[in-house]
Structures are given as structure tokens and as C-alpha cells.
Amino acid sequence: MNYQETLDYLFNSLPMFQRVGASAFRKDLRSTILLCEHLGNPERKFKSIHVAGTNGKGSSSHSLAAVFQSSGYKTGLYTSPHLKSFTERIRINGQEISPDLVIQFVQENKSFLDDLKPSFFEMTVGMSFWYFAKQEVDIAILEVGMGGNFDSTNVVVPELSLITNIGFDHVQFLGDTLPLIAGEKAGIIKKNVPVVISETHNETSIVFLKKAQAMDSPITFADENWKALKVSEEDGKANYCIENSEGFKWSVETQTTGEEQTTGVGGAQTTTGDLVSRSVAQIRTKDENEFDLTFGLNGNYQKYNLPGILETIVQMRQMGWDLPEKAVLDGLKNVAELTGLKGRWQTLSFNPTVICDTGHNEAGFREILSQLETYTFGKLWLVLGMVQDKDISKVLSMLPLSAHYVFCEANIPRALPAEEMAEKAAYFGLKGEIIPEVNKALAFARKNAGENDLIFVGGSTFVVAEIEEL
């Protein structure tokens with residue numbers, strides 16, 4: 001098979017949750033385990049960080065990958081879903097897996113896949129493990145697809161587990177209460193493996209604490225140690241003031257001389273004998289507990305992700321990973337360029353300003369609407385499409401009555417038809433045009449918007465994926 005034929009086999013022969021929904025979801029790891037055994041258990045041949053969460057897991061995964069990449073490590077990154085190309089899911093140092101290797105994987109394993117009949121996602125996870133082991137990565141950042149407990153990525157034993165956020169999403173699979181959803185996410189907590197929780201919530205904290213205690217896993221709630229305050233934005237990047245409640249100091253790079261001196265690190269005086277260590281500050285300290293940081297992802301909701309990212313970096317350094325201050329700052333500043341991340345509060349054009357974002361649930365839209373309010377514009381246009389297997393009423397109830405709406409739909413079986421979405425929206429007083437094809441919907445908004453207007457495109461990852469200029 002050539003590459004297109006290989007993709008057709010993957011997309012059409014194996015169930016794909018993103019396209020067909022519930023029929024591709026399995027509440028067991030049997031197929032993944034069998035596939036990994038067939039491949040020689042590649043998941044045991046590289047170090048990893050495992051990232052779960054309702055929102056923020058993709059951004060956090062890309063950010064951590066950028067930091068490790070900037071630090072000189074050969075870094076694998078597995079994420080889902082892809083926006084434009086299947087190969088986006090599997091990267092090393094920002095470079096996507098080659099089509100030739102996708103063909104090779106399928107050719108070498110096709111008879112086994114035909115017999116096993118794994119889901120599209122199970123197969124993709126197996127391919128990523130095979131590729132990372134084959135390329136001998138130093139570490140791989142692995143994003144959970146959905147949930148955690150029964151997610152195909154959950155066959156790894158990582159260096160550290162990160163759980164970013166708990167919210168209402170995929171409730172028909174994960175549960176209809178926050179504690180139930182947290183219980184599924186907590187499934188990635190492994191025996192004696194540290195776990196970092198990005199956000200503390202009364203309803204879910206006890207779930208994580210109990211699971212961590214049962215697994216003898218050290219647990220840290222990152223937002224108890226870190227606060228991220230966005231102070232400005234420039235050229236698509238956000239400037240933050242970062243505060244650490246414990247007066248955390250980044251460990252310092254050193255220079256040595258042959259003379260005896262004393263030097264202070266964090267206020268303490270130490271005598272070094274014949275060799276002296278002089279601190280070389282990489283971060284401008286604002287006061288005892290604060291420093292500045294530029295983040296390459298501009299969405300206001302990243303303030304919830306940064307504490308977990310920073311705490312993970314600190315703990316990985318404590319384990320012996322060499323993550324210098326300059327590499328941390330460079331990685332976080334240039335995360336999109338280093339890893340190829342798209343669709344996170346991305347500005348597509350100006351006059352009128354067009355912004356897209358993949359946020360698609362209640363928590364995500366709360367932050368999207370909050371950030372839109374920080375812009376100055378004439379009229380607000382919302383080009384929206386969603387999927388049909390979710391309750392979208394909470395999102396629709398939040399949307400402004402004054403906005404101009406264009407209802408569309410992604411070209412996948414799961415998409416909620418634009419006409420049905422318009423009907424649901426009308427119940428909440430939201431009215432607009434029905435233009436099913438995403439790019440035609442965006443073109444209509446551009447044609448009718450004024451130069452000072454603001455157009456937002458989103459509602460579903462799959463709507464953003466179809467934007468031609470992304």
C-alpha cells in the first residue's frame with residue numbers, strides 16, 4: 001500500500017472514536033496489551049511523562065516536550081486528535097513521523113491488526129510506542145486520549161504523572177459527576193510514581209489523595225505552590241508573573257575559578273574551598289518569590305496549566321533530569337514553534353481579526369468568552385460547530401445574545417448538523433446563518449464583518465481542523 005492507501009486502511013478498517021464516537025470506545029486495555037506484546041513491549045524501552053485531564057492536557061504536553069527538547073533531550077510527543085495530518089500525532093523533537101514509517105508499521109503488522117481488530121486509537125498508540133523505542137528517545141510526553149483508567153496510553157509506567165484539570169466532558173463514558181470523572185483520570189496514577197495535580201478542587205481532591213495513598217505515590221497540588229498572573233500579551237505570546245509560595249529558587253548554573261571565595265545562593269553563605277561557584281541568574285527576580293516568564297500560548301486559560309507544567313519541571317529536575325533555566329524559558333516561550341502546536345488561541349488574520357481555539361466544553365468556553373471580553377471590537381462574530389454526542393446546552397446558555405452567529409459542521413460522522421445546532425441555539429435566543437461547510441461559514445463572516453470586528457471560530461477541535469489557513 002502507498003501512504004494514502006495506508007491511511008484509508010487505518011481510518012476505514014479500524015473504528016475511530018473521533019469519527020464514529022461510542023462504538024470505538026472500549027473499557028479495557030486488552031487489545032493494547034496484546035498489541036504491545038506483539039511489538040516487543042516498546043513502551044518499556046523509553047522514559048515518559050503521562051498527561052491526563054479534561055482541559056489543558058494537550059497544551060501541557062506540548063509545553064513539557066518543548067522544555068525537554070530545548071534542554072537537549074531527544075523528545076517524543078504523542079497527542080490526539082490531529083488537526084491537519086495523521087502524522088501530527090507522533091513527533092520527535094517537533095518533527096512528525098514520516099509517511100514511510102507509517103507505511104512500514106502497517107505493512108509489518110497488518111496481518112496481526114486484521115486478526116486483533118484494535119480501535120484506531122489503540123493502533124495509533126502502539127505505533128507511537130514502536131516509533132519512540134525504534135528511535136531511542138530519551139523521554140516521551142504521552143497525552144491521554146480520553147479518561148485515563150482505560151485509555152490505551154495507560155500501559156506505561158512513567159517517571160511522573162500529570163493531571164491537569166477535571167471538568168464535564170465525555171460524561172457518557174467517564175461519569176456524570178466530577179468525582180466519577182476524577183476517578184477515571186486518577187487511573188493513570190501508578191505505584192510509587194509521583195503525580196502532580198494542576199488544579200485543586202474540593203470535589204475531586206479527595207479522589208486523587210485516596211488513589212495516591214493507595215498507590216504509595218507522592219502527590220502535589222501544583223496550584224498550592226504556584227500562581228501564574230498574565231500581565232500582558234505581545235506578538236501572540238503572553239507575559240506572566242510567576243509566584244511560588246515557598247520562595248522557590250531555580251537552581252543556578254555555575255562558573256568556577258581557582259580562588260577561594262564565598263558565594264550566596266538563596267541568601268545562604270557557603271565556602272567552596274579552592275573552587276568557587278558563582279550563581280549565574282537566568283531569570284530576572286522580581287522579589288523573593290516572583291519571576292517573569294513569557295509563554296508561547298496566549299489563551300487566558302493557560303494560567304491553569306502553568307502551575308502543573310512548572311511543578312512537573314521542578315520534580316523532574318529533582319529526579320536528575322538536566323533542565324537548565326534558559327532551556328525552560330526558551331521552551332515555554334517558543335512552544336508552538338518547537339512542537340508545531342496549532343489551534344490554541346491562534347490569530348489567523350487581521351482587519352477583521354480572526355481567532356480560532358479548540359476549546360469545546362463548558363470550562364473551555366468560560367475562559368474563551370472571558371478572553372474575548374478583553375478585546376476591543378465593533379461586532380463579535382461566532383462561527384461555531386459542535387459534535388452530536390455531547391450535551392451542548394451549558395455552552396449555548398453562556399453565549400452572548402448580541403453576537404452574530406454562523407452555524408457550521410465538521411466533515412465527520414460525529415458532527416452535529418448545522419441546522420440542528422441552530423435549532424438548539426435558538427432555544428437560548430441565539431440566531432444566525434446556517435452554512436454547513438466550515439470555510440464557507442468563515443468566508444461569510446469575513447465578507448460581512450467590518451474591519452474592526454472580531455471573528456471567533458471554534459466549538460469543536462474538528463471545526464478548527466478544517467480551517468484551510470490553519
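**Helix packing and a buried glutamine**

Student: Which residues of helix α13 (residues 362-372) are buried?
Tutor: This is a predicted model. Buried here means under 20% relative accessible area. In helix α13 (residues 362-372), the residues that meet this are G364, F365, E367, I368, L369, Q371 and L372.

Student: Which elements do the buried residues of α13 pack against?
Tutor: Look for partners within 4.5 Å, counting heavy atoms. Both helices and strands turn up. The buried residues of α13 pack against β9 (226-234), α10, β19 (380-384), α14 (393-398) and β22 (454-458).

Student: Take Q302. Is Q302 buried or exposed?
Tutor: Q302 lies in helix α10 (residues 302-318). Its relative accessible area is 0%. The cut-off for buried is under 20%, so Q302 is buried.

Student: Which side chain makes a polar contact with the side chain of Q302?
Tutor: Start with the neighbours. Leaving out residues up to four places away in sequence, Q302 touches S59, Y240, F295, L297 and R344. The polar contact, at 3.1 Å, joins the side chain of Q302 to the side chain of S59.

Student: How do α4 and α11 cross: oblique or roughly parallel?
Tutor: Two packed helices are described by the angle between their axes and the distance between the axes. For helix α4 (residues 57-70) and helix α11 (residues 325-333), the axes come within 8 Å and cross at roughly 135°. Angles under 35 degrees count as roughly parallel and those over 145 as roughly antiparallel, while 65 to 115 is roughly perpendicular. That leaves α4 and α11 oblique.

Student: How many nonpolar residues are in the contact of α4 with α11?
Tutor: The crossing is right-handed. S63, A66, V67 and S70 of α4 meet A327, V328, D330, G331 and L332 of α11. By class, the contact of α4 with α11 has one charged residue, three polar and, for nonpolar, five.

Student: Now α5 and α6. What is the crossing angle of their axes?
Tutor: The pair is helix α5 (residues 99-116) and helix α6 (residues 120-134). α5 passes α6 in a right-handed crossing. Their axes come within 11 Å, and the angle is roughly 125°.

Student: How many charged residues are in the contact of α5 with α6?
Tutor: α5 contributes L101, V102, Q104, F105, E108 and L113; α6 contributes M123, G126, M127, W130, Y131 and K134. By class, the contact of α5 with α6 has eight nonpolar residues and two polar; the charged ones number two.

Methods:
Residues are numbered from 1 along each chain as its sequence is written. This is a predicted model: local features need pLDDT of at least 70, side-chain atom pairs count only at pLDDT 80 or more; totals for chains, interfaces and linings use all residues. Side-chain values use heavy atoms; hydrogens and water are left out. Helices (H or I, at least four residues) and strands (E, at least two) are DSSP runs, numbered from the N terminus. Buried means under 20% relative accessible area, exposed over 50%, partly exposed in between (1.4 Å probe, protein chains only). A polar contact is a pair of N or O atoms within 3.5 Å; within protein, one must be able to donate a hydrogen and the other to accept it, and residues adjacent in sequence count only if both atoms are side-chain atoms. Axes are lines fitted to C-alpha atoms, for helices over the stretch in contact, and angles run from 0 to 180 degrees between N-to-C directions. A crossing is left-handed if the near helix is turned anticlockwise from the far one by less than a right angle, and right-handed if clockwise. Ala, Val, Leu, Ile, Met, Phe, Trp, Tyr, Cys and Pro count as nonpolar, Asp, Glu, Lys and Arg as charged, and the others, Gly among them, as polar.
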